[in-house]
Amino acid sequence: QDTLVSHIMYVNAQELANMAHVRLCKQASKETREVMEMIVSEVLKTNPEFKTVLVPKCKYRNGKCTEFFPCPKN
């Protein structure tokens with residue numbers, strides 16, 4: 001379970017945004033958020049226009065959380 005693996009994925013912009021909305025959420029595990037932050041960082045190097053889209057869903061929705069148990073921030 002703790003072994004590093006290589007991973008290749010092909011996603012379009014909408015799929016990437018959906019992934020970021022969920023995986024950057026404070027409800028996601030720390031490790032999940034760290035990996036998604038690395039992915040976002042790499043994407044923004046070539047596509048800086050995605051900066052406002054590749055964020056947690058609550059930030060994308062102007063502070064509105066749709067999780068069943070929202071984090072204390074909301």
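Colleague: Which side chain of opposite charge is nearest to Arg33, and how far away is it?

Modeller: Some conventions come first. This is a predicted model, in which local features need pLDDT of at least 70 and side-chain atom pairs count only at pLDDT 80 or more, while totals for chains, interfaces and linings use all residues. Residues are numbered from 1 along each chain as its sequence is written, and side-chain values use heavy atoms, with hydrogens and water left out. As a general idea, side chains of opposite charge can pair when their charged atoms come close. The charge assignment takes Lys and Arg as positive and Asp and Glu as negative, with His and the chain ends not counted. A salt bridge requires a side-chain nitrogen of Lys or Arg within 4 Å of a carboxyl oxygen of Asp or Glu. For Arg33, the nearest side chain of opposite charge is Glu37, 5.2 Å away, and Arg33 has no salt bridge although it is buried. Burial is read from relative accessible area: under 20% is buried, over 50% is exposed, and partly exposed lies in between (1.4 Å probe, protein chains only).

Colleague: In which element does Arg33 lie, and which residues does it touch?

Modeller: Elements are DSSP runs numbered from the N terminus, with helices (H or I) of at least four residues and strands (E) of at least two. Arg33 belongs to helix H2. A contact means heavy atoms within 4.5 Å. Not counting residues up to four places away in sequence, Arg33 touches Arg23, Leu24, Cys25, Lys26 and Ala28.

Colleague: Where does Lys26 lie, and is it buried or exposed?

Modeller: Lys26 sits in the loop that runs between helix H1 (13-23) and helix H2 (30-46). It counts as exposed because its relative accessibility is 58%. With residues up to four places away in sequence not counted, Lys26 touches Arg33 and Cys71. The C-alpha atoms of Lys26 and Cys58 are 9.8 Å apart, although 32 residues separate the two along the chain.

Colleague: How many salt bridges does a search of the whole structure find?

Modeller: The search returns two salt bridges. One joins Glu34 and Lys30, with 3.2 Å between the closest N and O atoms. Both residues lie in helix H2, four residues apart, about one turn of the helix. Glu34 counts as partly exposed because its relative accessibility is 35%, whereas Lys30 is exposed at 53%. In another, the side chains of Glu42 and Lys45 meet at 2.9 Å, N to O. Glu42 and Lys45 are also both in H2, three residues apart, again about one turn of the helix. Glu42 is partly exposed at 47%, and Lys45 is exposed at 59%.

Colleague: Which residues make up the largest nonpolar core?

Modeller: In soluble globular proteins, nonpolar side chains tend to be buried together. A nonpolar core is a set of buried Ala, Val, Leu, Ile, Met, Phe, Trp, Tyr and Cys residues joined through side-chain atoms within 4.5 Å. Here the largest core has nine residues: Leu16, Ala17, Met19, Ala20, Leu24, Met36, Val40, Val43 and Leu54. The elements giving two or more residues to this core are H1 and H2, and H1 supplies the largest share, four residues. Leu24, leaving aside neighbours within four places in sequence, has contacts that include Met19, Met36, Val40 and Leu54, and also Arg33 and Glu37.

Colleague: At roughly what angle do the axes of H1 and H2 cross?

Modeller: Axes are lines fitted to C-alpha atoms, for helices over the stretch in contact, and angles run from 0 to 180 degrees between N-to-C directions. The axes of H1 and H2 cross at roughly 145° and come within 9 Å. At this interface, Leu16, Met19, Ala20 and Arg23 in H1 meet Thr32, Arg33, Met36, Ile39 and Val43 in H2.

Colleague: Is His21 buried or exposed, and which residues does it contact?

Modeller: His21, in helix H1, is buried because its relative accessible area is 9%. Aside from neighbours within four places in sequence, His21 is in contact with Val53, Val55, Pro56, Lys57 and Tyr60.

Colleague: How many helices and strands are in the chain?

Modeller: The chain has three helices and zero strands. Its C-alpha trace spans about 35 × 35 × 15 Å along the principal axes. Of its 74 residues, 23% count as buried.
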